[in-house]
2 protein chains.
Amino acid sequence: MIQAHAVRLFTDRGYEAVTVTEVAEAAGVSAMTVYRHFPTKEDLVLIDQPARLIAERVAASPATHPLVRRVGGALVEAATALTGGDGDEAAVNERFLLDCLRLMVSTPALRARHLDSQYALQQAIVDALGDDATTPDAAFRARAATSACLAAMHTALTRWAEEDGQTELPELIARALAASFGDVAATGRSD
Amino acid sequence: MIQAHAVRLFTDRGYEAVTVTEVAEAAGVSAMTVYRHFPTKEDLVLIDQPARLIAERVAASPATHPLVRRVGGALVEAATALTGGDGDEAAVNERFLLDCLRLMVSTPALRARHLDSQYALQQAIVDALGDDATTPDAAFRARAATSACLAAMHTALTRWAEEDGQTELPELIARALAASFGDVAATGRSD
DNA sequence: ACCCCACTGTTAGTGACTAACGTATGAGTG
DNA sequence: CACTCATACGTTAGTCACTAACAGTGGGGT
């Protein structure tokens, strides 16, 4: 609820032009209460990426496939699972997600934080790759491939927000991956 | 000079544990003077990426090559041109650059800002790609490929700082690109 | 009726950052 | 040498994000 008021105010008047106190007043609570639920002002907009979900799909992918295909496929599958919500409340959630994304893309501070949160996601994915990260050299390759996949996904997220969710998100991610790695990594299903 | 004092203090006691006032005192100036030369505390550590240099090499790359090869090649060439400094002062610069990088990797706030500055670099590179970004769809593919290349380079920079500059930076970047895109994009020279 | 506990509010304080204003140093010109 | 002007530096006061310590309030179980 606090978050909804915050995103609305930020969208209307700009992120930096709105103080936390104003968000608190709009939500009918004290500023301290806001900080108790959201550690920083930025967390009012940031969306927690489903690291668990993605990591599981990475771990479940066949280890024989190239790295970018394992990670890219997991990203497409996770996006499919998330945006594939049915009808009613899912649409509201998607509107809210798009609002947050637009703020993240247009506000430097939020953009920076979001990119850094992808850095944490990268760690989780590299761990999920497991056997491919034993030697320092293999870990380096795993990190490189993973960060490249996440960068492509970020581009897809940006485009998704720009065109207001017209194209399905999994398709955009697949196209971003294809543009970066060729068609080899774009095939999400791998069974 | 202010920057040198700042990086030394940050490395010794941690970025957040050092106030801007302390940096100013160590440098023998006022806090206001620090802010006049560095807009934010983070700018004391951030290194300006040579966007001009990279963009020129991207623009000069043959348009027939795949996107990731054009961008990746330009990144390797730019790194070669930069770290290829000769002997005396270049070594000091490289030590300083490594200190800054270590701080950037280990401090969340700096890491976030650095990732966002790569976002600006991405814009410059996409513009330099020129003809490949006329239609919205081509621009999307260009952004995806560019961001993936930059993410791979960031992984190489991180590794470079971790192993204290043992391996040559251009080679690390080439290996990160190869791990992501296959050997097609790793060939830096293209003449 | 009692206590416990999670949630909330108040106050005071730190630190990054800005704005407005006054001061000195150093180069160029008469 | 005096004058001037630009550039850099310092001081003060203020805003805002964020933290710590302490106090109040409401409902749930015994």
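**Figure 1. Protein residues around DNA strand C in the predicted model.** DNA strand C is surrounded by 14 residues. The closest are Ser30(A), Thr33(A), Arg36(A) and His37(A) from chain A, along with Lys41(B) from chain B. By class, this surface comprises 7 nonpolar, 5 polar and 2 charged residues. On the DNA side, sugar or phosphate accounts for 58% of the strand C atoms within 4 Å of the protein, and bases supply the rest.

**Figure 2. Phosphate contacts of DNA strand C with Ser30(A), His37(A) and Val20(B).** The side chain of His37(A) places an N or O atom 2.7 Å from a phosphate oxygen of DNA strand C. Ser30(A) uses its backbone instead: a backbone N or O atom is 2.9 Å from a phosphate oxygen of the strand. From chain B, a polar backbone atom of Val20(B) lies 3.3 Å from a phosphate oxygen of DNA strand C. Two or more residues of the surface near this strand come from each of helix 3 (31-37) of chain A and helix 3 (31-37) of chain B. Helix 3 of chain A contributes the most, with 4 residues.

**Figure 3. Protein residues around DNA strand D.** There are 14 residues around DNA strand D. Those that come nearest are Lys41(A) from chain A and Ser30(B), Thr33(B), Arg36(B) and His37(B) from chain B. The surface near the strand divides into 7 nonpolar, 5 polar and 2 charged residues. Of the strand D atoms within 4 Å of the protein, 59% are part of sugar or phosphate, while the remainder are in bases.

**Figure 4. Base and phosphate contacts of DNA strand D with Arg36(B), Ser30(B) and Val20(A).** An N or O atom in the side chain of Arg36(B) is 2.8 Å from a base nitrogen of DNA strand D. The contact of Ser30(B) is to the backbone of the DNA, with a phosphate oxygen 2.8 Å from a backbone N or O atom of this residue. Chain A takes part through Val20(A), where a backbone N or O atom is 3.4 Å from a phosphate oxygen of DNA strand D. The elements giving two or more residues to the surface near this strand are helix 3 of chain A and helix 3 of chain B. Helix 3 of chain B provides the largest share, 4 residues.

**Figure 5. The contact between domain 1 and domain 2 of chain A.** Chain A is split into domain 1, residues 2-44, and domain 2, residues 51-185. Their contact involves 10 residues of domain 1 and 8 residues of domain 2. The centres of the two domains, taken over C-alpha atoms, are 28 Å apart. About 770 Å² is buried between them, and carbon and sulfur atoms give 70% of this area. On the domain 1 side, Val7(A), Tyr15(A) and Glu42(A) lose the most area to domain 2, together 58% of what that side buries.

**Figure 6. Salt bridges and polar contacts between the domains of chain A.** The count between domain 1 and domain 2 is 2 salt bridges. Arg113(A) forms a salt bridge with Glu42(A), in which the closest N and O atoms are 2.9 Å apart. Across the interface, 2 residue pairs are in polar contact. The side of domain 1 that touches domain 2 is made up of 4 nonpolar, 3 polar and 3 charged residues.

Methods. Residues numbered from 1 in each chain as written. Chains lettered and ligands numbered in written order. Predicted model: local features only at pLDDT ≥ 70, side-chain atom pairs only at ≥ 80, totals over all residues. Heavy atoms only, no water. Domains from an automatic or database assignment. Contact = heavy atoms within 4.5 Å. Buried area = accessible area lost by both parts, 1.4 Å probe. Salt bridge = Lys/Arg side-chain N within 4 Å of Asp/Glu carboxyl O. Polar contact = N/O pair within 3.5 Å; in protein donor to acceptor, adjacent residues only side chain to side chain. Nonpolar A, V, L, I, M, F, W, Y, C, P; charged D, E, K, R; others polar. Near = heavy atom within 4 Å.
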